[in-house]
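Got your viewer open and your selection syntax ready? Here is a walk through one protein chain, stop by stop.

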Amino acid sequence: MKIAMVGSGYVGLVSGTCFADFGHSVVCIDKDPAKIEALNAGRIPIYEPGLEALVADNVRQGRLTFTTAMRDAVAQADAVFIAVGTPSRRGDGFADLSFVYAAAREIAQSLSGFTVVVTKSTVPVGTGDEVERILRETAPDAEVAVVSNPEFLREGAAISDFKRPDRIVIGAEDERAAEVMREIYRPLYLNAAPILVTGRRTAELTKYAANAFLATKITFINEIADLCERVGANVQEVARGIGLDNRIGAKFLHAGPGYGGSCFPKDTLALVKTAQDAGTPVRLVETVVSVNESRKRAMARKIIAACGGQVRGRTIALLGLTFKPNTDDMRDAPSLSIVAGLQDAGARVRAYDPEGMEQARPLLPDIGYAADPYDCAEGADALVLVTEWDAFRALDFDRLKAIMAEPVVVDLRNVYWSRDIAKLGFSYTAIGQKMNALVE
Ligand code: UDX
């Protein structure tokens, strides 16, 4: 199959590269000449484990190319994927679809032969209808079908999520288009990945419902964690106790500082907006959004409490800034609210992150950046684990105790064992465990 991928950002680049790896011929297109130049020179503009090698391999095999010019790639393609950004619109939180519609207009000018235009970007229900309207208006004679094919890729695990998906969702209104999509994903369902062919609006809503459900699951366990702290229970054991029930499932029950990233915050807001517009508000999701927002700010108060109630003039060391490990993405990271809360209370903040510091600098210009975890902890009044990078799992706590001004550890990801750390003489605060678990 010949595929044109419009948009070579995170989703476009990962999807295009994996399609090429299946054996399809893929052209990744982007408006940004600097990005295309970098990709052509073998430099990958994002951090995603395994992607650089996979891109290099497929470029070498001649299956993957990059260009700024849409015309030829679209004219030759069996399927054109739209994988451009859909940021939250300032003010109302609704997804900004101007990039999607602009791409549709441009694609329409180059269509030739039967072509399936696929929305890969996460788009609100009804966007496929509008894309189809634009295509038919701009190119009335084109033989074209519009399909929705949402992605379910986690940053940091995107390649394995793409190649070993739990399911593939295809929303098509036309059997010929569905057949093209089945052909594109054939290498996957040979691996027995269920492929769900459904209506276009259903596929669009499925993506939002999946992300909102996962965000709800996280928010639920986060509230249970707060309750655990008050009543002397342990949230990790509660999560295990409920997660072993197959009807609930063990995943996404890890309590933490609140969800962040490029998808959950944006997609939950967009779903809330769609539902309000449709006259059937999703109150549960509205609550999830607001509970998660206040949770991120509450984490700063938790750190301040662990420091005895005041942090003015004190140095707080943060380990991890990205919204989760194995990414350099700072979008909606809880660290942003945590730093703001600490600075408002008069603290000095110093941080270390294995991959995220470059992206963090413009967002957090007035904190200190350290060279490693120990440099970060030197002279600090508290050490806070914000993101659970592997590099922070086996720290030398004897060494940390010797270099810190105060032996205070706040673990917002429940990575450390309270007993081990408290034995070394640290005051240790985690999530959903009794506050300041000091063990003799
Ligand atoms: C998510 C979805 O998983 C993916 O299917 C979708 O298409 C895009 O959004 P991503 O944002 O990359 O992927 O990361 P994910 O691993 O899902 O984590 C999202 C956020 O939830 C992170 O801030 C993470 O720390 C938090 N989280 C996740 C928890 O706090 N607890 C959990 O148990 C799981």
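How far apart do the C-alpha centres of domain 1 and domain 2 lie? Put a centroid on each and you should get 32 Å. Keep in mind as you click around that this is a predicted model. For the selections, the domain assignment gives domain 1 as 2–198 and domain 2 as 199–440.

**Stop 1: where the domains touch**

Colour the two domains separately and look at the contact, which takes 26 residues from domain 1 and 24 residues from domain 2. On the domain 1 side, select helix H6 (127–138), strand S6 (144–148) and strand S7 (168–171); each of them supplies at least two residues that touch domain 2. S7 gives the most to that side, with three residues. Now colour the domain 1 side by residue type: 13 residues are nonpolar, 10 are polar and three are charged.

**Stop 2: the ligand**

Next, select the ligand and bring up its surroundings. You'll find 19 residues around it, and the closest are Glu155, His254, Tyr259, Gly261 and Cys263. Which domains feed this shell? Both do: domain 1 (2–198) and domain 2 (199–440) each contribute at least three residues. Helix H10 (residues 200–231) has the largest share, with three residues. By type, the shell splits into 10 nonpolar, five polar and four charged residues.

**Stop 3: the core**

Hide the ligand and show the nonpolar side chains. The largest nonpolar core has 131 residues, and those with the most contacts inside it are Val6, Ile303, Ile316, Ala382, Leu383 and Val384. H10 turns up again here, giving the most to this core with nine residues. Where does this core sit relative to the two domains? Domain 1 (2–198) and domain 2 (199–440) both give residues to it, so the core lies between them.

Zoom in on Leu383 for a moment. Leaving out residues up to four places away in sequence, Leu383 touches Ala317, Leu319, Ala377, Leu400, Met404, Val408 and Val409.

**Stop 4: residues 317–418**

Select 317–418, which an unreviewed UniProt entry labels "domain: UDP-glucose/GDP-mannose dehydrogenase C-terminal". The chain over this stretch is 30% helix and 18% strand, with the end C-alpha atoms 19 Å apart.

**Stop 5: helix H14**

Inside that stretch, pick helix H14 (residues 334–344). Its buried residues are Pro334, Ser335, Ser337, Ile338, Val339, Gly341 and Leu342. To see what covers them, add neighbours including helix H13 (283–306), strand S9 (315–319) and strand S10 (348–352). Just to keep the geometry in mind: an α-helix has 3.6 residues a turn, so residues three or four places apart point the same way.

Is Asp344, in the same helix H14, buried or exposed? Asp344 counts as exposed because it has 12 C-beta neighbours inside 10 Å. Draw a distance from Asp344 to Val409: the pair is 65 residues apart in sequence and 21 Å apart in space, C-alpha to C-alpha. After H14, check the backbone at Gly346, whose phi is positive, near 95°.

**Stop 6: Glu358**

Finish at Glu358 in helix H15 (residues 357–363). Glu358 is exposed, with 12 other C-beta atoms within 10 Å. One last distance: Glu358 and Asp329 are 29 residues apart in sequence, and their C-alpha atoms are 9.8 Å apart in space.

Notes:
Residues are numbered from 1 along each chain as its sequence is written. This is a predicted model: local features need pLDDT of at least 70, side-chain atom pairs count only at pLDDT 80 or more; totals for chains, interfaces and linings use all residues. A residue is near a molecule or strand if its C-beta atom, placed from the backbone, lies within 6 Å of it. Helices (H or I, at least four residues) and strands (E, at least two) are DSSP runs, numbered from the N terminus. Ala, Val, Leu, Ile, Met, Phe, Trp, Tyr, Cys and Pro count as nonpolar, Asp, Glu, Lys and Arg as charged, and the others, Gly among them, as polar. Domain bounds come from an automatic or database domain assignment. UniProt positions are given in the numbering used here, feature names are shortened, and annotations may be inferred rather than shown by experiment. A nonpolar core is a set of buried Ala, Val, Leu, Ile, Met, Phe, Trp, Tyr and Cys residues joined through C-beta atoms within 7 Å. A residue is buried if 20 or more other C-beta atoms lie within 10 Å of its own, exposed if 12 or fewer, and partly exposed in between; C-beta atoms are placed from the backbone. Two residues are in contact if their C-beta atoms, placed from the backbone, lie within 7 Å.
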